[in-house]
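Subject: Handover of a structure and its findings

Dear colleague,

Please find below the structure that I am handing over to you. I would be grateful if you could keep it open while reading the notes that accompany it.

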Amino acid sequence: METAPEKTGAVRRALEQSETLAGHGFTVETSGERLDRFLVVQNTYLMTFQSLGGLGLLLGTFGLAAVQLRNVLERRGELALLRATGFRRRRLGWMVMLENGILLLAGLAAGMLAALVAVLPHLVANRASIPWGSLSATLALVLAVGLLAGMAAVRAVLVAPLLAALRGE
């Protein structure tokens with residue numbers, strides 16, 4: 001008695017060697033082979049969209065840098081007043097950096113929570129394979145760029161001329 005793989009091979013050979021079908025380019029493939037080819041294409045699309053999403057996140061982080069810098073420049077009179085009343089440059093720098101860091105972490109947490117809600121059904125059904133490495137790298141890169149943007153804003157605070165900012169108030 002033939003086993004299932006032997007029967008499958010025999011049917012494949014019979015169909016592919018058939019004079020009626022062979023002239024039309026007929027090929028036989030199992031559903032597993034077809035599904036594997038489909039999954040390769042699907043994974044390529046998923047990786048492409050993940051890369052584009054990471055790039056969009058980085059561009060958004062550069063937008064955050066612009067907003068942080070603008071915020072510090074708009075508040076330079078207030079920061080200069082704090083400096084005039086005894087706050088050291090370093091203390092003001094830490095205050096601005098902490099403020100920017102909290103905003104950055106809150107934004108990342110909100111984004112991760114939204115992503116978790118989106119993939120929760122797949123996680124519960126145990127059908128999701130999460131690329132933890134690339135996901136962690138993307139989030140770490142966004143955090144690093146955001147903190148560097150915060151440092152640029154801090155630098156703007158530290159080098160701002162005190163007298164000119166106070167006169168503008």
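The notes below describe the nonpolar cores, the largest pocket, one helix and two single residues.

This is a predicted model, in which local features need pLDDT of at least 70 and side-chain atom pairs count only at pLDDT 80 or more, while totals for chains, interfaces and linings use all residues. Residues are numbered from 1 along each chain as its sequence is written, and side-chain values use heavy atoms, with hydrogens and water left out.

Nonpolar cores

A nonpolar core is a set of buried Ala, Val, Leu, Ile, Met, Phe, Trp, Tyr and Cys residues joined through side-chain atoms within 4.5 Å. Buried means under 20% relative accessible area, exposed means over 50%, and partly exposed lies in between (1.4 Å probe, protein chains only). The largest core has nine residues: Val 72, Leu 79, Leu 92, Val 96, Met 97, Ala 153, Val 154, Ala 156 and Val 157. At least two of these residues come from each of α5 (89-124) and α6 (132-159); helices are DSSP runs (H or I, at least four residues), as strands are (E, at least two), numbered from the N terminus. With four residues, α6 gives the most to this core. Another core, of five residues, lies apart from it and includes Leu 58, Leu 108, Val 142 and Val 145.

Two members of the largest core may be followed further. Val 154 is in helix α6 and is buried, at a relative accessible area of 12%. Contact means heavy atoms within 4.5 Å. Not counting residues up to four places away in sequence, Val 154 touches Gly 93, Val 96 and Met 97, and Ala 156 touches Leu 69 and Val 72.

The largest pocket

A pocket is found on a 1 Å grid over the protein atoms alone, as an open set of points where a 1.4 Å probe fits, with protein on both sides within 12 Å along at least five of seven lines; its lining residues have an atom within 4 Å of a point. The volume of the largest pocket, the space filled by probe spheres set on the points, is about 1,000 Å³. Its lining has 28 residues, and Gln 50, Val 119, Ile 130, Pro 131 and Leu 135 lie nearest its centre. The elements α3 (31-74), α5 and α6 each give two or more residues to this lining. By class, the lining has 17 nonpolar, 10 polar and one charged residues.

Helix α4

In helix α4 (residues 76-84), the buried residues are Gly 77, Leu 79, Ala 80 and Arg 83. They lie on the same side of α4 because they cover an arc of only 160° around the axis, taken from the directions from the helix axis to the C-beta atoms. Gly 77 has a relative accessible area of 5%. After α4 comes Gly 86, whose phi is positive, near 120°.

An exposed residue

Val 117 lies in helix α5 and counts as exposed, at 57% relative accessibility.

Yours sincerely

Conventions. Nonpolar A, V, L, I, M, F, W, Y, C, P; charged D, E, K, R; others polar.
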